[in-house]
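Welcome, and thanks for joining this tour. Open your viewer, get ready to select residues, and we will go from stop to stop together.

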Amino acid sequence: MSRITFINGKYVPHGESLIHIEDRGHQFSDGVYEVIHFKGTQFVDESLHLERLQKSLKELSISLPLSLEALKIHMHRLVQVNRVEEGYIYMQISRGIAARDHAFPKKAQPSLTMMVRRCSFAPFQGIKVITTKDQRWGRCDVKSVSLLPNVLAKQEAITRGAYEAWLVDEKGFVTEGCSTNAWIVAGDILLTAPESTGILKGITRERLKNLASSLGFTVQERSFTVEQAYLSTEAFLSSTNAPLLPIVQINDRTIGTGKPGKVSLALRNAYEEFVKEELHQYV
Ligand code: PDD
């Protein structure tokens, strides 16, 4: 069965999902997106993702082209018609189609496109990250589709044999990864960068913060340097499709024992348990 994509109210075969040349998402990256993992027909932390979507839209003065209720109905229907058991939904809302001009168009209907892709959570295994300069704009808290610096840093990671690149700001602090939040562990203390316009407030990060506290760990939202990361006992990254991946190497330095650590394992297990409970009908 061919994949089905949602384009402005229509369900179309994936290969025919055409976007207008003057869609501002295409010409100016003038839009926002969300990625939500699902199992069965349930989305993980759906309401938190949709809250963040609305916040991103508000920051860019783009309106949701349909009601939130209608959006949820289409999200669920898209998963059903694609008959995918586990995967993620990618949704993008651009300012819409208008004659090319940098200023906001006086009239434009925002475009909503959505697709579904089959995938499981990334397997729990030790990965390598590299560090590189954070070259992004000043509003990384907005989930904008403008991702060129992220793309370039990720490619640098791949070229250097790593899974992800950690981005380092002008002060020498690790902000986050190209598409993941960054964490280090020192004993029972977990550190992740504080909420700011310099990072995306990851939904998985929020969830892990709560789970870590309930497991008795202390979470501190505090910036850390690459040097501090080298000295950590464990390090990991988090995102929707990779809820917790242990980092065993940063650049050429081994982290901890060079194997995934106990804190990472406990927290990943707690996250998977949480997902099972939240999506209770899925076994
Ligand atoms: N990325 N930081 C950045 C820059 C991200 O793009 C993402 C998500 C995260 C983690 O956020 P969350 O836990 O809400 O997924 C952090 C998505 C998955 C992507 O671009 O594909």
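Let us begin with enclosed space. The model you are looking at is predicted, and a search through the whole structure turns up one cavity of 30 Å³ or more. How much space lies in the largest cavity? About 50 Å³.

**Stop 1: the cavity**

To see its walls, select H37, V44, D45, H49, F121, I203, T204, T240 and Y271, the residues that line the largest cavity. Try colouring them by type: four of these lining residues are nonpolar, four are polar and one is charged. Now colour domain 1 (4–118) and domain 2 (127–278); the largest cavity lies between them, because both give residues to its lining. Keep I203 selected, since I203 is also on the list for the next stop.

**Stop 2: the second largest pocket**

Next, turn to the second largest pocket, which holds about 260 Å³ of space. Select its lining: L48, E51, R52, K55, D141, E195, S196, I199, L200, K201, I203 and E206. Two elements, α2 and α5, each give two or more residues to this lining. Which of the elements gives the most? That is α2, with four residues.

Colouring by type again, you will find seven charged residues in the lining of this pocket, along with four nonpolar and one polar. Domain 1 (4–118) and domain 2 (127–278) both contribute to the lining, so the second largest pocket, too, lies between them.

**Stop 3: the ligand**

Finally, select the ligand and show what is around it. The shell has 19 residues, and the closest are Y33, E176, I203, T204 and T240. Of these, I203, T204 and T240 will be familiar from the lining of the largest cavity.

Zoom in on three polar atoms of the protein:

- E176: a polar atom of its side chain is 2.7 Å from a nitrogen atom of the ligand.
- I203: a polar backbone atom lies 2.8 Å from an oxygen atom of the ligand.
- S179: here a polar backbone atom is 3.3 Å from a nitrogen atom of the ligand.

On its own the ligand has 470 Å² of accessible area, and the protein covers 88% of that. To find the elements that give two or more residues to the shell, highlight β3 (31–39), α2 (46–59), β9 (174–177) and α5 (203–214). By type, the shell has ten polar, five nonpolar and four charged residues.

Where does the ligand's shell place it relative to the domains? Domain 1 (4–118) and domain 2 (127–278) both give residues to the shell, so the ligand lies between them.

Definitions and conventions:
Residues are numbered from 1 along each chain as its sequence is written. This is a predicted model: local features need pLDDT of at least 70, side-chain atom pairs count only at pLDDT 80 or more; totals for chains, interfaces and linings use all residues. Side-chain values use heavy atoms; hydrogens and water are left out. A residue is near a molecule or strand if one of its heavy atoms lies within 4 Å of it. A polar contact is a pair of N or O atoms within 3.5 Å; within protein, one must be able to donate a hydrogen and the other to accept it, and residues adjacent in sequence count only if both atoms are side-chain atoms. Accessible areas come from the Shrake-Rupley method with a 1.4 Å probe; for residues, only the protein chains shown count as cover. Ala, Val, Leu, Ile, Met, Phe, Trp, Tyr, Cys and Pro count as nonpolar, Asp, Glu, Lys and Arg as charged, and the others, Gly among them, as polar. Domain bounds come from an automatic or database domain assignment. On a 1 Å grid over the protein atoms alone, a cavity is a set of points where a 1.4 Å probe fits but cannot get out, and a pocket is an open set with protein on both sides within 12 Å along at least five of seven lines; lining residues have an atom within 4 Å of a point. Grid points are joined across faces, edges and corners, and a volume is the space filled by probe spheres set on the points.
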